[in-house]
Amino acid sequence: MMRSPRLALYITMTTFVLAFLISASQYPSMLSTRVVANLLTDNAFLGLTAVGMTFVILSGGIDLSVGSVIAFSGVFLAVILRDTSMHPLVAFVLLLMVTTAFGAAMGSIIHYLEMPPFIVTLAGMFLMRGLAYVLSTDSVPITHPFYDTIQDVVWKAPGGGRFRLIGGIMILAYIVAMIVLHKTRFGRNVYALGGSAGTARLMGVPIARTTITIYAIGGGLAGLAGIVYSIYTSAGYSLATVGVELDAIAAVVIGGTLLSGGSGYVAGTFFGILIMGLIQTYIVFDGTLSSWWTKIVIGGLLFAFIMLQKALGWATTKGRRPASESATQS
Amino acid sequence: METQMKPILRAKGIDKFFAGAIALDKVDLTLYPGEVHALLGENGAGKSTLIKSLTGAYHRDGGTIELDGAQIDPRSPVESQALGIGTVYQEVNLLENMSVSDNLFLGWQPMKRRLLDHREMHRRAREILKGYGLDIDPTQLLSSYSIAIQQVVAIARAVELSGKVLILDEPTASLDREEIELVFSVVRNLTSRGMAVVFITHFLDQVFELCDRATVLRNGCVVGERKLADVSQGDIVELMLGHHLEATKRRAKQSSPGETILSMKGFGKRGMIEPFDLDLREGEVVGLAGLLGSGRTETCKVIFGVVSADQGSAELSGKSIRLSSPRTALEHSLGLCPEDRKTDGIVGDLSVRENIILSLQARQGWTRPLKRSRINQIVDEYVKALDIRLASPNMPIRLLSGGNQQKALLARWLATEPDILILDEPTRGIDVGAHAEIIDLIERLREQGMALIVASSEMEELVAYSTRVVVLRDRRQVRELRGEEITTDRIVKSISQGETAA
Ligand SMILES: Nc1ncnc2c1ncn2[C@@H]1O[C@H](COP(=O)(O)OP(=O)(O)OP(=O)(O)O)[C@@H](O)[C@H]1O
Ligand SMILES: [Mg+2]
């Protein structure tokens, strides 16, 4: 019998492949390493954010603060590198510590004060955006030579594609996330929490630790996404990345993860990101379409995938076999 | 002998208070190695609360616990599990969104090079479940298996995790005879290895079959501890209820049923239930007998339109109708009290009052709210009639004891005053006292001219109230028993022989 979460993943993958083939048949030049490389580079920060979001959503929560955390990270780095002589790597570490602690704090509030994640992370969103404004209201350029060094790390593929470091970081994050979610006890606990927190507690899942770690991961990855974004734009701007949290949520859902938690794959999120990136690329290639079509298509896709989830969920419970068929004796 | 043995677990003076209620009042519980200890009591007596207080799922307000002579103070189920006390809770079972292996091994998965070893996990899961007589694919989602299998998986997990004490809170409520046998043999096997098992149930037959001793609770107090070899079922019931209970017997006199109100021809649904004919008359109770998975529940669901039939026709009082959804069924004055109250019926966070009037309000339409005074009147009436034990009708229904939730669900459907009422396992998880009350209630409703269809796995119960008994097997109606034919023996025979037509 089919397993519905897997099936959702396969459908997302098939959607991507089909969409890519259709685009490529219209614009054969899309079938190049350049397009693929840009797809990865342009979506690196969103991809990283979506990894964290996958953890959070799988556990039955939501994190609305990530967009603000990215903006804060950018401004934080830009200001530090402008005003102090700190090496960027040290600043990176410092930043990751701050955003991870921030995520952990939100997780603690959610767990210990039993507040809905929606409210807590909404507050976190305003807080981080506000902090970014306090640091600087203008766009602060980053001119540190180390940034040029990082930007120069490229692998030139045959066909003109330039695979940059930040795309690599994103892919690495997905691989690590996959291992964590499927091959560690913590990962299974994330799913357990999303299935039912009450049941998970009775089954011995350390709810407090797991919840806090999940939001810490979300915060940490948003910080990493902030670093990547600052490398990508060479600047920090407190008004940047507004609404990125919603794009990340969309990618997670298109990737086949149940918004109510407990079911889904981080690999699906990866394809969700690729699908969203592909739509944008298609619109660029077309040239005549307004970029708002991206939103419209993503909206349609979201709707389709939510309907699909419903249908799949219904199909699994429907096919329940009676106990007698599985008993060895009788 | 036993008294000279050192107890494996000794709980003394356990107290537990809830807002507005004393759930446990200085409760003692002593377990010896190698015994099966029954924990008995009416619905709401405090059985589930006691084990939750012992295992740290609730924080107890007083008392001491000794395990193997040493004081313990588990603050969470994890802690008590690590100490050797494994539990299968009554209401919450496992995670339906995860695979069978995940459920078995959550928190103690086999590791290889610091990562989970899925292959080993699946292999061992398969092996463990074989020991329980289940040959299933553990990589599948738990939700793809029936409730009975899920229950066995829950038991398997608790057994694997605990070493000293295993607590089973109504583990057999949704199992059929064969599966109960399976669980019993596992329990016996465990006790022969020196484990102590606490067994909570409302099936007194099972208590006497399996258990050595029993502790009886009433209103949160221990009213007695007995060796079961020394007492009779009647003694235990008297202890539980505080008064004597008449044995349920077949009502000799039965008024003759009235006109046919619901008539189904060739009604069925592919893959769920073979087409059947059924005529239902006013003032009769049609019992549905059969093993678990024989199609009892499916029959109820098809009639009520929970799954719509794909063949056959139905007539209500001579007019042809389509029973395509619960909504239409409700409009035609049908009611269904489902089997699995946790997933199909109870809205946990709503108050008891809201849960009771839910269907009535739904039929009336949400734009026309019921009057407050009328609601209170209805709720009070049924709380009293069914003896639902609660602190206040305003409390969230999930805080009620399991059996009282079941009664509240029954009240919901009675409140709609249906012409036809379908009850699927109405007495599951209900104590002996309330059991008798519900049988009386069915009798009363029948006398008032209501038509009832009652599915039950308890033969005595069917014999007590049925005008006719339809026997199901392999999702097919195999026989119909009437009048004098309705005896436990005949039902059992028809179930096992199956083929012999009437
Ligand atoms: N969290 C809670 N808050 C308030 N009251 C509660 C809570 N949990 C249980 N109760 C009450 O405590 C009493 C004992 O409930 P408990 O679940 O232990 O009964 P039980 O003996 O297991 O009954 P059953 O046989 O129906 O399962 C009930 O009256 C119940 O309403
Ligand atoms: Mg109970």
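**A walk through chain B and the largest cavity**

Of the 502 residues in chain B, 58% count as buried, meaning under 20% relative accessible area with a 1.4 Å probe and protein chains only, while exposed is over 50% and partly exposed lies in between. Keep in mind that this is a predicted model, where local features need pLDDT of at least 70, side-chain atom pairs count only at pLDDT 80 or more, and totals for chains, interfaces and linings use all residues. Residues are numbered from 1 along each chain as its sequence is written, chains are lettered from A in the order in which they are written, and side-chain values use heavy atoms, with hydrogens and water left out.

Chain B carries 17 helices and 22 strands, taken as DSSP runs (H or I, at least four residues, for helices; E, at least two, for strands) numbered from the N terminus. Its C-alpha trace spans about 70 × 50 × 50 Å along the principal axes.

Now for the empty space. There are five cavities of 30 Å³ or more in the structure; a cavity is a set of points on a 1 Å grid over the protein atoms alone where a 1.4 Å probe fits but cannot get out, and lining residues have an atom within 4 Å of a point. The largest holds about 130 Å³, a volume being the space filled by probe spheres set on the points, which are joined across faces, edges and corners. Its lining has 13 residues, with Met203(A), Thr87(B), Asn93(B), Leu94(B) and Arg157(B) nearest the centre. H5(B) gives the most to that lining, three residues.

Definitions and conventions:
1 Å grid on protein atoms, 1.4 Å probe; cavity = no way out; pocket = protein on both sides within 12 Å on 5 of 7 lines; lining within 4 Å.
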